[in-house]
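Subject: Structure handover

Hi there,

Here is the structure I promised to pass on to you. Have a look at it first, and my notes follow below.

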Number of protein chains: 2
Amino acid sequence: MDPSEREVADNRALLTDLYELTMAAAYFAAGMTAPATFSFFVRAYPKDRGYLVAAGQEDVLRHLETFRFSRDALRYLRRSAMYHADFLDYLEQLRFSGDVWGLPEGSLCFVPEPLIEVTAPIIEAQIVETYVINQLNLQTLIATKAARCVHAARGRDLVDFSLRRTHGTDAGMKVARASYLAGFAGSSNVLAEKHYGIPAFGTMAHSYVESFDDEIDAFRAFARLFPTNSTLLVDTYDTLSGVRKAAEVAKEMAARGQQLSGVRLDSGDLLALSQGARAILDAAGLPAVRIFASGGLNEYKVAELVERGAPIDAFGIGTDMGVSGDAPWLDCAYKLVEYAGLPRLKLSPAKQTLVGRKQVWRGVGADGQMIGDVLALRDEAGAVMAAQLGVGLDQVQPRLVPVMRAGRRLDPLPGLDAIRARCRAELAALPEAHQALRQPAAYPVRVSVELESRQTAATAAVRARLAR
Amino acid sequence: MDPSEREVADNRALLTDLYELTMAAAYFAAGMTAPATFSFFVRAYPKDRGYLVAAGQEDVLRHLETFRFSRDALRYLRRSAMYHADFLDYLEQLRFSGDVWGLPEGSLCFVPEPLIEVTAPIIEAQIVETYVINQLNLQTLIATKAARCVHAARGRDLVDFSLRRTHGTDAGMKVARASYLAGFAGSSNVLAEKHYGIPAFGTMAHSYVESFDDEIDAFRAFARLFPTNSTLLVDTYDTLSGVRKAAEVAKEMAARGQQLSGVRLDSGDLLALSQGARAILDAAGLPAVRIFASGGLNEYKVAELVERGAPIDAFGIGTDMGVSGDAPWLDCAYKLVEYAGLPRLKLSPAKQTLVGRKQVWRGVGADGQMIGDVLALRDEAGAVMAAQLGVGLDQVQPRLVPVMRAGRRLDPLPGLDAIRARCRAELAALPEAHQALRQPAAYPVRVSVELESRQTAATAAVRARLAR
């Protein structure tokens, strides 16, 4: 049997909940071909989050643009008695021909604003649901978690060390990408460097040190091989004695005109050990040797170390970032908001969806700081939004942009560094209070008067229909 | 740019932490080719877990057996100034030639027993670390979470609904597999059916119901198309009124000689609504119409519904199972335990590893129930274990078996249904107290006298070397 990654690459159209196919069959049988708009949004923030970093659009657009059932997939579906032959013939021809509006990757997004809206004949818009949610959930979740780590580090470098604990191989790639776009310096993941151009970092494990009879021999062998880029792992046996050996090797390197990059602490009391290590290195005349810390870190622990003045230059952040340990999913949905020109919604308790195609308007103060958003219908005027926010017309901007028309991307995908720069700029414009790691202040998102009244009317119409 | 799944499929050897490559380069430069044994184990149970279900070995063995750097991967590595040409020539030829012992998938495993042990020339055993952990962590994590759901359901059917919230596409596939092997009836994931043969389940979303002007028209269209397998989603507007419409459609179907399969409740108070739905269906003479419940479920909620007697026949379990929401990673490691014939270990606080190649012996009482394990060196005799457990020789079994020799699998991989049967049988032999969903009783795992004394000696030897 092929590995499952190849199966996914070859037959991604089948990486879907079965109900997407049964619904498609029902729409097809009923001759329902009118355009539908689906909106992807987050219903509620995870614990302690006050903003989201939008990510995952690139994979979604690539999926839509290349959507098709392979010959192999169709052969598989034809073996089932569930589908009529004419429906399968239809699937064979099916391509995504719709329009997409989206929030550019790296943008800040607030509950319950849409990250993307898809308008297409209902089968096409529906059938991509599972993959759209799968990718936007993961990548936005991780970019948000990573941005919190970046905030906590206050300018120190962060490296993604999570590949071994990410949920599988796809997450390993996407976590490297999402954390980099949120401001990490790079990742331990070599394939992410090859595929995305994300700088790869890494040095040695404890097993390397243990495989030598003496710790210092392990350090010397490594330093000789990588004279321009060696970070020595010093906590295999006793951290500060490891630092002293690293200092000895650093001095041997200096005599050869080389510079030891750093030492890595991976266990114990990182505050005390980093202070002890810094003292040893400074006393040895090695102020340029950096201290790198890792081991069970997350934004809370990094913030504490930084606040307490730990002399740590860079952090490796692994598991807790790579799985978003304190909040491993987003309460997100891809919901029908319009079909055949009419607003649609469900009335299930606590899960109401705002109807219609939308736009998000952002208000920015004179100092460039964000002051609040308005969630509006897509065709509303900026002047109305400015009035609702109480600012000038030049202080509001629409956030969703058309990214795909008739199944084709409108612009080339932005490069990852451009996405990263956007994220950095937006975070710089978000007041600190909303970036607090615990209990952040709520960022104001208003609903436009027009959308509010459209929602009220649509709810009343559904209730009236039910009462018939 | 190709989608990343194809990149992973083509270049999985590069899906690794950079330090695996730098360490390999250092071992190569130092001429270190002696065999090393690495042991994969879990250091501590996640919250409220009293056992683990081993899973992921199939992907690990496939990775080892097919391990190689593609031409594309080598071209990429050669562009870097980091590696010497002779090391890259070595990588070009590199295959995995080692031996592997493992706990069969679907087996129960207890902290800190190894799930697999890899013995190979140190570069080969080291370089596969990242992928080994990545897959065993995810699949064991999810199989364990899923087994808890199965326990909570007390014989009711469970279906994996998590694909949209799993962390990416690989997790989507592996969660379907891991939950099925732990006893789920199937998954919503269509590609998992194609790839693994796991039964696919699914019917309709709220958007389907909303896209019709009347709920009952949506139900009728669906029932006409899928007369042998229709489950109608009844909570789009008002759950019990939805159930009444479903009953009407069921009676229309009965008049045509057809049987409505079920109704699905996806929100609200599932206990009260399932009782209300059952009453409506029974009053309509439809006792065979099943009730399916979903929406934010996990083992705790399922257990509560079952204990309170909710007339629910099957549950769809999504996000919380698919990301193991209350414990989204295992504290697991792949550690060097022996190199060049000598035990190896690190002394980092709270992270000591048991040295040497190992075997796990399980003691079983006269009633067939498990009574405790002994973690021993691989070549110890069963009689010693039986004595340590205080049972007869016929009541102890070795658990780790050789699965690969000189880079080749010894036996064909077991089928998924055989793995599933093994898991069911082992869970049946594990006393209830260890399966409690909260604060389970600790299952006894002893360390053999021989391993204990080997560990003491190895620790003393390391300390003596450090004191020199």
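To start somewhere specific: in which helix of chain B is Q388(B) found? The answer is helix α16, which covers residues 382–389 of chain B. Please keep in mind throughout that this is a predicted model.

A few more words on that residue. Q388(B) counts as partly exposed, because it has 19 C-beta neighbours inside 10 Å, while a buried residue would need 20 or more. Leaving aside residues up to four places away in sequence, Q388(B) touches V374(B), R446(B) and S448(B). G363(B) is 25 residues apart from Q388(B) along the chain, and their C-alpha atoms are separated by 9.8 Å.

How far to trust the model

The scores are ipTM 0.97 and pTM 0.98. For chain A, the mean pLDDT is 96, and 99% of the residues reach 70 or more. As a general reminder, predicted coordinates should not be read in detail where pLDDT is low.

The two chains together

On the side of chain B, 87 residues are in contact with chain A, where 87 residues take part as well. Within chain B, helix α2 (residues 18–29) gives the most to this side, with eight residues. By type, the residues on the side of chain B that touches chain A comprise 44 nonpolar, 26 polar and 17 charged ones.

A sheet in chain A and its helices

Chain A holds an open sheet of four strands with mixed pairing, in the order β16-β14-β15-β19. The edges are taken by β16 (396–398) and β19 (445–447) of chain A; each has a single partner strand, so one side of each is left without a neighbour in the sheet. On average, and with direction ignored, neighbouring strands here are turned by 25 degrees against each other.

Strand β15 (residues 370–377) of chain A pairs with β19(A) in the parallel sense, over three bridges. One pairing to look up is V374(A), whose bridge partner in β19(A) is R446(A).

Two helices of chain A belong in this picture. Helix α16 (residues 382–389) of chain A packs on the sheet and touches β14 (358–364), β15, β16 and β19 of chain A. The direction of helix α16 of chain A makes about 135 degrees with that of β15(A). Helix α18 (residues 449–467) of chain A lies across β15 and β19 of chain A, and runs at about 40 degrees to β15(A).

An enclosed strand in chain B

Strand β12 (residues 331–339) of chain B is also worth opening in your viewer. Seven of its nine residues are buried, so β12 of chain B is largely enclosed by the rest of the structure. Strand β1 (residues 35–44) of chain B pairs with β12(B) in the antiparallel sense over eight bridges, and F38(B) stands opposite L336(B) in β12(B).

Strand β13 (residues 342–343) of chain B is joined to β12(B) by two bridges, and the two run antiparallel. There, E338(B) has P343(B) in β13(B) as its bridge partner. The hairpin of β12(B) and β13(B) has two residues between the strands, and A340(B) in this hairpin takes a positive phi near 50 degrees.

Domains of chain A

Chain A is divided into domain 1 (4–142 + 327–355 + 400–443) and domain 2 (203–293). Taken over C-alpha atoms, the centres of these domains of chain A are separated by 47 Å.

Happy browsing, and all the best!

Key: Residues are numbered from 1 along each chain as its sequence is written. Chains are lettered from A and ligands numbered from 1 in the order in which they are written. This is a predicted model: local features need pLDDT of at least 70, side-chain atom pairs count only at pLDDT 80 or more; totals for chains, interfaces and linings use all residues. Two residues are in contact if their C-beta atoms, placed from the backbone, lie within 7 Å. Ala, Val, Leu, Ile, Met, Phe, Trp, Tyr, Cys and Pro count as nonpolar, Asp, Glu, Lys and Arg as charged, and the others, Gly among them, as polar. pLDDT is the predictor's confidence in each residue, from 0 to 100. Two strands pair if DSSP finds at least two bridges between them. Axes are lines fitted to C-alpha atoms, for helices over the stretch in contact, and angles run from 0 to 180 degrees between N-to-C directions. A residue is buried if 20 or more other C-beta atoms lie within 10 Å of its own, exposed if 12 or fewer, and partly exposed in between; C-beta atoms are placed from the backbone. Domain bounds come from an automatic or database domain assignment.
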